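Student: Let's go through this one together. I'll ask whatever comes to mind, and you keep the answers plain.

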Amino acid sequence: MDKGNNKRPGSSEGSGKDKKRARMAQARSISTQGSPSPQQNDSPKSSGAVGSLKAARTLDVVSFAEARAFEISAMHTAMERSKDSAVQRAFQSLPRNLRRRAASHNIKRLPVRLRQRAMREVEADPVKKGKKPENRHKKRRPGTISQEYLRRQGTKRWLETHIWHAKRMKMVDIWGYKLAEHSNEHGIKSAYKSSHHQCILQDSSYNGCLEITGAKKDITEIFSHIMDPTMPTVGSARFITGRRYFTAQLFEYDSFPQKLIAPATFLWRQDPVAENVMDVDELSKEGQLWIWVHPSAFENVKSHIQEAVLTASKVESVHIIDLENSLVMFDFTGPRSTALLQAVLNPSASDAASSYKVAHKVWDTISCLRTSSSLPPGVVLGLLVEDPRLTFPHKAEPRPASIPVSQSKTLQDLTTHWPASVAQSSIWSSTERDRLLTSMVTEARLNERRAQNLVPGTKLQPLENIDSRIPILLIQREGQPQIQRAPGGGSSEFECGWTLILPKGWAMPFWKSMIFAGARPGGLRERRSFHFETRQSCFPYDFPSTVAYAAYADECKKEAQAKYERKPVAKRINYAKFGVEDPFGASWSKALKAGVKMLGGDEGMAAAVDDKRIWLLQTPKFVTALTDVAKRAASGLEEEMISRLTVESLNQAIAECLRGLLKSPHSEQPSIRVDEALIRVGVDFLGRGTIGMNGMIYAIPGKHYKEWTARVQLKGKRTIEGKPRKEKKAKSWVDSDSDENDMEEDEEEGDLDELEMTMPPPETLLGYITTGQYCYSEGKSYGIGCCSATGLAHVIQAESSQRSELQRNAVGTPPKVPRMMVLVRSIRSKASRLATLTILS
């Protein structure tokens, strides 16, 4: 062995190149069959040239191929064998520094240029890779994404837009649904600005819908037993033709004005042939009525309607169908609502839209309106629109500065004489709704059609027998005109808007189109805030006499108390020091008992008050009767006032008013007691101060009335101490016991005088605040609450007598004193603030 050569001695079998060369030679070799013997191949040489040429021309191809079949088969085999041995696989063609072991069985590990070649090799490979058995976790998974969503819902139902909301908004479990509460990016002030200048979009599909079918006369008779007789009924000529929707409050059977259930929204189906005026025999026709109810009271309303049908013996003629989760409802609020809907809704021009021509013309005419508040209140418009995904995305037009002169006359005629047959729609048919759900074109097919466009981004044209035409209902939302608001309060931009009704399954196509067109999404917090900004009561937050409010209040009380107890003692408010006995919930029984004592009632009468029989006195005629009795009592001598204004006198006045309201008096009228009644009020501060949930409302003690009156006279000037009064604004929603406002309250108490720090006596308690915060539309704090009817009557009576005394003792011009002044105190402060009450009937 040569010591100078460190190389390993070569193998006797040859190198790798030699082996490959031998393998290639073997693969390219073609086997041959043995040649026939010379005797068989000898031919007679005596034949001439002509004979030999003739034999060559008469070659038998079949016999020749059969004779050479072995060689032909061997040649094909050699070609296939040499091809497989000479060509490398796709992963072997890479340089060694780029090769990966996983690339031999995972095509995605290869470069893009080699993936197609590798896929062809895998398909031609006779050895297929076995499928790995699934583990137990994969076996437990649902088969489709829809089944997975149903599994994840559990006991809380999801709306069709749930996935979109869950990625962007705070979700809460409430009323049996998983609903969006507020945005994760924008606060309440941003939502206010959007609703004031743009458009807020809210998914209200959680509201349950009931369908009542039967003779209109029978339906009207049934609902006359569970509705307010002072308000328009379902058989009113204004609503029974289906041209307008309306809102009313539902009570238990023959229990008005007690036992309020919930407010509800009603809409009749318009007949195919509608007239401008109601026919004489309109009530004798068959009708279809839709009722939308808040989910917290849906089951309660449904059971009481069924009870009313059974009591009236109309089971055979009147039928109730539950349409919960069968319709989609979107609410648009703000001045840009009309422009946004105009950009997204594209009326169909197909032959199927022949019955919608008048409605489409009306929709085109109102495109130049700046706000929907210019239209008649509560009008309904039925349209047949194209799939919004065909023209996605959309862009709303700028808000017009004024109405063009050429269209002003047309708009004026339209708003004055609204067409009678524009509310027709096939969305009322359950068969049509089911067909639209099953025939919806998938996103994949739409994307394939978009890919075939020569110019990217070109809008798709609707195809006659492929794309769906969706029937919809547009309802002009008017707010609540029956609610009396404080002077200067409320803007039509927050009340008015549009409500869009869609068939089930079409929520996301329209929702995404609206969002891309410029709509801002809103949740439950924004809905409650908009009611507050327009001084409207929001159900169930401001309806203390209902079962839905009781459930909501109990849940809030438990959460607030649990949060309070989690804090260390040194880091939480000492409510006992502030004299607050019920910081986590309103004790309505205490307010009712205090009101009885204000009118001279004894302990026995106060103890007879039952907080389970509380009812809401909100009919305007009842409120007028109560205030008239209180004012008449104040017109006599001081000794006669208490004897005139008593609980019995108020009960008698309300009973007489009730007998006058009932058109057909029942055999047994409900026995109502004023000492168990609450009246909804609005609280306006006369100076600084803010209020939150569960804030207390007190009557001004008689001995301090003149001092508080003098303070009102100094408003805008200097205080009694000669120092200018500071005005502060609240910065955020003050509806719960938050820590961020504790320091502000402590700082304010240093500027308070003895009168403001004097705690009102418990026997002057009137009621509590249900919703309170800084009102952006008014630029000051505002609250909505409820007071006892007896306590409010005492305030009116005492104020009338005090005002009369001030006028008699005044020198010169009598002082101007606001009416219905009270004291309001927060649960986080000892200070009492001066405010005025406004009855919200």
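Student: Where does Asn694 lie?

Tutor: Asn694 is in the loop between strand 15 (677–685) and strand 16 (696–699). Helices and strands here are DSSP runs numbered from the N terminus, with H or I over at least four residues for a helix and E over at least two for a strand. Before we go on, this is a predicted model, where local features need pLDDT of at least 70, side-chain atom pairs count only at pLDDT 80 or more, and totals for chains, interfaces and linings use all residues. Residues are numbered from 1 along each chain as its sequence is written, and side-chain values use heavy atoms, with hydrogens and water left out.

Student: Okay. What's the phi of Asn694?

Tutor: Near 70 degrees, a positive value in a residue other than glycine. Most residues other than glycine have a negative phi, and most peptide bonds are trans.

Student: And is Asn694 buried or exposed?

Tutor: Buried, because the relative accessible area of Asn694 is 8%. The cut-offs are under 20% for buried, over 50% for exposed and partly exposed in between, using a 1.4 Å probe and protein chains only.

Student: Which other non-glycine residue has a positive phi?

Tutor: Asp254 is one, with phi near 50 degrees. Asp254 is in the loop between strand 5 (246–251) and strand 6. Unlike Asn694, which is buried, Asp254 is partly exposed at 26% relative accessibility.

Student: Where are cis peptide bonds found?

Tutor: One runs from Phe392 to Pro393, with omega near -5 degrees. Pro393 is in the loop between strand 10 (380–386) and helix 15 (405–416). Another joins Phe539 and Pro540, and there omega is about 0 degrees. Pro540 is also in a loop, between helix 20 (524–533) and helix 21 (547–566).

Student: Let's zoom out. How many helices and strands does the protein come to?

Tutor: 31 helices and 20 strands. Of the 841 residues, 47% are buried. Among contacts (heavy atoms within 4.5 Å) with a separation of 6 or more, 78% are between residues 24 or more positions apart.

Student: What's in the largest nonpolar core?

Tutor: It has 123 residues, and Phe223, Phe266 and Ile291 have the most contacts inside it. A nonpolar core is a set of buried Ala, Val, Leu, Ile, Met, Phe, Trp, Tyr and Cys residues joined through side-chain atoms within 4.5 Å. Leaving out residues up to four places away in sequence, Phe223 touches Ile212, Val234, Leu250, Phe266, Leu289, Ile291 and Ile305. There's also a second, separate core of 40 residues, which includes Leu474, Trp511, Ala517 and Ala519.

Student: What about Ala264, where is it placed and what does it touch?

Tutor: Ala264 is in strand 6 (residues 260–268), and it counts as buried because its relative accessibility is 1%. Its contacts beyond four places in sequence are Phe246, Thr247, Ala248, Leu250, Ile291, Trp292 and Val293. From Ala264 to His294 the C-alpha distance is 7.5 Å, with their positions 30 residues apart in sequence.

Student: Back to Trp511. Why is helix 19 largely enclosed?

Tutor: Because eight of the 11 residues of helix 19 (residues 507–517) are buried. Trp511 is among them, along with Phe510, Met514 and Ile515. Gly518 follows helix 19, and its phi is positive, near 125 degrees.

Student: At what angle do helix 25 and helix 27 cross?

Tutor: Roughly 145 degrees, and the axes of helix 25 (residues 620–634) and helix 27 (residues 647–661) come within 9 Å. The axes are lines fitted to C-alpha atoms over the stretch in contact, with angles between N-to-C directions running from 0 to 180 degrees. The contact includes Phe622 and Leu626 of helix 25, and Ile654 and Cys657 of helix 27.

Student: Last one: how many disulfides does the count come to?

Tutor: Zero, where a disulfide is a pair of cysteine sulfur atoms within 2.5 Å. Take Cys787: its closest cysteine sulfur, in Cys786, is 7.6 Å away, so that's too far for a bond. Cys787 is buried at 0% relative accessibility, whereas Cys556 is partly exposed at 23%.
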